[in-house]
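This report looks at charged side-chain pairs and at one helix that takes part in them. The sequence and structure are shown first.

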Amino acid sequence: MAELRVSSWKRHGMDRLYVNTPDGTAVAWFDRQTGHIEIKDEALRVPILNALTPYMARATTTPVAVASTPLPPPPEYDLALRRPGDALREKIKEVSPSLVERCLSWILRRPTEADPWRAGLRGERVVSRELARLSRHNWRALHSVPLSPTWDIDHLLVGPGGVFSINTKNHRNKSVWVGDHAVRINHGKGRPYLRNSRREAEIVRDVLERGCGFPVAVNPVLVFVRPADLTVVPSLRDVRALNERALASLAPLAGALLPEQVEAVYAVARDQRSWSGAL
C-alpha cells in the first residue's frame, strides 16, 4: 500500500490533522487541541497511527504531562513485581505429574503434559533477558500481564519508540515460516499466532487509551526463541516477527512517545486494576 499522507487543517477555531490516501481520500483525522482521533477505515488503523505518531507526540503534551513521576500502585496490584512466565508457573504446577510419573516418563523418554509449558517458560526467560538490555535506552518492560485467569500478555515493552505487545514462542532448533495470516513450524499445519498477536495488541491499545486519555499505538511482536531459521514474507507489515536477539533493533527507536507520555503509559500498564474488564 502506498504511504499515507498527513495534512494540517485549521478553520472555525479547530486545529486538525487529516490522514489521506495518495488519491486524497480522508481515512482519519486527529484533533490537536483535544487529542481525539477519528478513524474512518479500521483496516488502516495501524498505518494511520504510525503516520500520526510523530504529530500526536507533540500535540498531546499538555493532556498527559505529569508534574512528577507517578506513584507506583500498591504491591498487590503492581505488575512490575511479576516475573517472566508467572502465569506459566501456575499452569506447570497444575499439570505436573507426580515424582514417580516423572521418573517413568524420563526412563521411557515419553513427554509429559507439563513439557510444553516448561518450554514456554524457558522461552519467556530468554526474551526477558533481552528486554532487560533495553532498559539503558529508557525502555520499560512488564511480564506476564494478566488479561484473565487463562490469558496473559507475555511481555509489554514501553519506551520512546512506542508500545510493543510481545508474544513469545519457543521453537528452538526448528524451522519457522511466517506468512500474512499463519505461522508454520517445520512446514507443518498453520498456527494462529498472528491472529492472536493482533488481538492482544488491540486489547492492550484499548486498555492504555482508556487509562491514559490519549491515543496509544500498540505494535504486535512475535518473538521466536532460537529457531534454526526464520523466514518472514515481505508483505507482513503490521506484525513484527523476529528472533530474540533482534529485539535489540528496537533500542534506537524514538519519537513515538515523549518522556512524560512514557511515564503515563507505564503507570497505567503496571497497575493490575487497569486490566480489569479488558476482555
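## Basis

A residue is called buried when its relative accessible area is under 20%, exposed when that area is over 50%, and partly exposed in between. The model described here is predicted.

## Salt bridges overall

Side chains of opposite charge can pair when their charged atoms come close. Over the whole structure, a search finds ten salt bridges. Three pairs and one network are described below.

## Arg226 and Glu244

Arg226 and Glu244 form a salt bridge in which the closest N and O atoms are 3.9 Å apart; the pair counts because the cut-off is within 4 Å. Arg226 is located in the loop between strand E10 (218-224) and E11, while Glu244 is in the loop between E12 and H7, so the bridge ties together parts that are 18 residues apart in sequence.

The relative accessible area of Glu244 is 7%, and Glu244 is therefore buried, as this value is under 20%. Arg226, at 34% relative accessibility, is partly exposed. Salt bridges with shared partners also join Glu130, Arg133 and Arg245 into one network.

## Arg140 and Glu263

A salt bridge links Arg140 to Glu263, with 2.7 Å between the closest N and O atoms. The two residues belong to distant parts of the chain, 123 residues apart: Arg140 is in strand E5 (residues 140-148) and Glu263 in helix H7 (residues 259-270). Arg140 has a relative accessible area of 29%, and so is partly exposed.

## Asp238 and Arg198

Asp238 pairs with Arg198 in a salt bridge, at 2.6 Å from N to O. Asp238 sits in the loop between strand E11 (229-232) and strand E12 (240-243), and Arg198 sits in helix H6 (residues 193-212), so the contact ties together parts that are 40 residues apart in sequence.

Both partners fall in the middle accessibility class: Asp238 is partly exposed at 27% relative accessible area, and Arg198 is partly exposed at 22%.

## Helix H6

Helix H6, which carries Arg198, has 20 residues. From its first C-alpha to its last, H6 reaches 28 Å, close to the 28 Å expected at 1.5 Å a residue.

Buried residues of H6 include Tyr193, Leu194, Ser197, Ala201, Ile203, Val204, Val207, Leu208 and Cys212. Charged residues are also among the buried positions of H6, namely Glu200 and Arg205. Gly213, just after H6, takes a positive phi of about 80°.

Notes
Residues are numbered from 1 along each chain as its sequence is written. This is a predicted model: local features need pLDDT of at least 70, side-chain atom pairs count only at pLDDT 80 or more; totals for chains, interfaces and linings use all residues. Side-chain values use heavy atoms; hydrogens and water are left out. A salt bridge is a side-chain nitrogen of Lys or Arg within 4 Å of a carboxyl oxygen of Asp or Glu. Helices (H or I, at least four residues) and strands (E, at least two) are DSSP runs, numbered from the N terminus. Buried means under 20% relative accessible area, exposed over 50%, partly exposed in between (1.4 Å probe, protein chains only). The expected span of a helix is 1.5 Å times one less than its number of residues.
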